[in-house]
Amino acid sequence: MAEAHLTLVLDCATARAVCGVLGDGRELAFASAEGGHAAQRALVLVDEVLARAACEARDIAQIVVGCGPGSFTGLRIGIATARGLALALDRPCAGVSTLEALAAGAPGGLALVDARRGELFALDASGSAVVELPADVAGRLRPGTVCVGDGARRYRSLLEAAGAVVPADDDTRHAPGAEALSRLAAGAAPEPVYVRRPDAEPQIA
């Protein structure tokens, strides 16, 4: 297995933390965790996928991590885990937009990440991450648009009433896929994408 160019991918920005190992761009192993403390299982997920891919950490050639936008805590844990592994293994680490990875897994669809506070993170026409009200997102939807992400799951009723198609909650398209994360990696250093201040940070007028 070590002869292949192995990539470890990790994303903890959404409600479903994901991790995978790819060999020359092909997914070899994948694992996910969901729930309030999913991001805290990042290292457990790493161990799982390495075991399933029958490889060791030292076999990894590069690491790719989703950088949000999304959960502040999840972002910090995911990026810190990826950076720590990259430093320990002396491997390159690249950051990828979680929204772009979600969108890549649902061509023609709309990627939505739960921003809390009754808001959603989405991509605007230029491809930049923005924060929007669910009602505004629903108001511009074209009937039949496939909406994915934990934001789509949370606001399923509103989106479906507007004519959107929201896959079943356990559909894999609601979390960034390993191949999409790997394919989008362009060497950019992993930095968290903050569309607004973290919830814990005071808002200054």
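This report describes the sheet, the helices packed on it and the nonpolar cores of a predicted model.

## Basis

Residues are numbered from 1 along each chain as its sequence is written. Local features need pLDDT of at least 70 and side-chain atom pairs count only at pLDDT 80 or more, while totals for chains, interfaces and linings use all residues; side-chain values use heavy atoms, without hydrogens and water.

## Sheet

Five strands make up an open sheet of mixed pairing, ordered S3-S2-S1-S4-S5. Strands are DSSP runs of E with at least two residues, helices runs of H or I with at least four, numbered from the N terminus; two strands pair if DSSP finds at least two bridges between them. S3 and strand S5 (93-96) are the edges and have a single partner strand each, so one side of each lacks a neighbour in the sheet.

S1 and S2 run antiparallel and are joined by six bridges. In this region, Leu-6 is opposite Gly-23 of S2.

## Helices on the sheet

H1 packs on the sheet and touches S1, S2, S3 and S4, with its direction at about 150° to that of S3. H2 lies across S1, S4 and S5 and runs at about 165° to S4. Contact means heavy atoms within 4.5 Å; angles run from 0 to 180 degrees between N-to-C directions, with axes fitted to C-alpha atoms, for helices over the stretch in contact.

## Nonpolar cores

The largest nonpolar core (buried Ala, Val, Leu, Ile, Met, Phe, Trp, Tyr and Cys residues joined through side-chain atoms within 4.5 Å; buried means under 20% relative accessible area, with a 1.4 Å probe and protein chains only) has 28 residues. Leu-8, Cys-19, Val-21, Val-49 and Ile-63 have the most contacts inside it. H1 gives the most to this core, five residues.

Apart from this core lies another of 13 residues, including Leu-112 and Cys-147.

Terms used:
Buried < 20%, exposed > 50% of the residue type's maximum accessible area, 1.4 Å probe, protein only.
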